[in-house]
Amino acid sequence: FYLEKVDSTNSWARRAVETGPVPEGTIFAAGSQEGGRGRLGRTWVSPAGGLWFTVALIPTRPIAELGGLSLMAGLTAVNVLSAFVPGCRVKWPNDVYLGDKKIAGILLEMVRESDKISYVIAGIGVNVNNSAGSLPEGVAGKAISLRDCTGRLYSLNLILTRFLKQLE
């Protein structure tokens with residue numbers, strides 16, 4: 001599913017999962033987010049030009065086997081982005097850095113009942129064509145985008161497709 005503007009792809013996905021059956025692996029993507037967020041309620045600035053998406057997961061494995069999910073999402077982002085700019089690395093638990101600047105972030109939200117996970121909302125935000133220089137003052141010096149690194153514009157669909165292939 002795609003919307004040009006949304007509060008948060010994670011919030012949108014959560015509402016969809018809670019109100020009706022959503023197939024495993026459903027993608028919720030947006031051109032921009034007005035209320036993007038990171039861990040601990042931090043704001044995630046999500047202007048047009050970035051890749052902002054959430055994958056709805058309905059795990060059937062026990063909770064004990066899902067501990068590596070955040071790391072898997074981070075490594076997936078590193079694998080995808082390294083094809084465009086080498087040197088990306090995971091900064092545990094949920095960020096992807098290139099040098100000393102953040103190029104992507106991951107937010108996993110799980111809803112559980114007793115010892116079973118009902119669903120996981122896996123949000124991924126990637127700075128692609130949005131220049132870090134156009135971000136608010138407090139964020140601009142800490143972020144970088146693919147465009148900043150290479151001077152090129154990228155197809156968001158191409159990058160999303162590469163993420164989806166890695167997640168299969």
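Helices and strands here are DSSP runs, with at least four residues for a helix and at least two for a strand, numbered from the N terminus. Read that way, this predicted model runs along its sequence as β-α-β-β-α-β-β-β-β-α-α-α. That comes to 5 helices and 7 strands for the protein.

As for overall shape, the C-alpha atoms fit in a box of roughly 45 × 30 × 30 Å along the principal axes. The radius of gyration is 15 Å, and a compact globule with 168 residues would come out near 15 Å, so the two agree. Of the 168 residues, 48% count as buried. Looking at contacts with a separation of 6 or more, 59% are between residues 24 or more positions apart.

Now to one pair of helices. Two packed helices are described by the angle between their axes and the distance between the axes. For helix α2 (residues 69-82) and helix α5 (residues 156-167), the axes come within 10 Å and cross at roughly 130 degrees. Angles over 145 degrees would count as roughly antiparallel and 65 to 115 as roughly perpendicular, and α2 and α5 are therefore oblique to each other. Their crossing is right-handed.

Which residues make the contact between α2 and α5? On the α2 side they are M72, T76, A77, N79 and V80, while α5 brings in I159, R162, F163, Q166 and L167. Sorted by type, the residues of this contact split into 6 nonpolar, 3 polar and 1 charged.

Definitions and conventions:
Residues numbered from 1 in each chain as written. Predicted model: local features only at pLDDT ≥ 70, side-chain atom pairs only at ≥ 80, totals over all residues. Heavy atoms only, no water. Axes fitted to C-alpha atoms, helices over the stretch in contact; angles between N-to-C directions. Parallel < 35°, antiparallel > 145°, perpendicular 65-115°, else oblique. Left-handed = near helix turned anticlockwise from the far one by under 90°. Contact = heavy atoms within 4.5 Å. Nonpolar A, V, L, I, M, F, W, Y, C, P; charged D, E, K, R; others polar. Rg over C-alpha atoms; globule rule 2.2 N^0.38 Å. Buried < 20%, exposed > 50% of the residue type's maximum accessible area, 1.4 Å probe, protein only.
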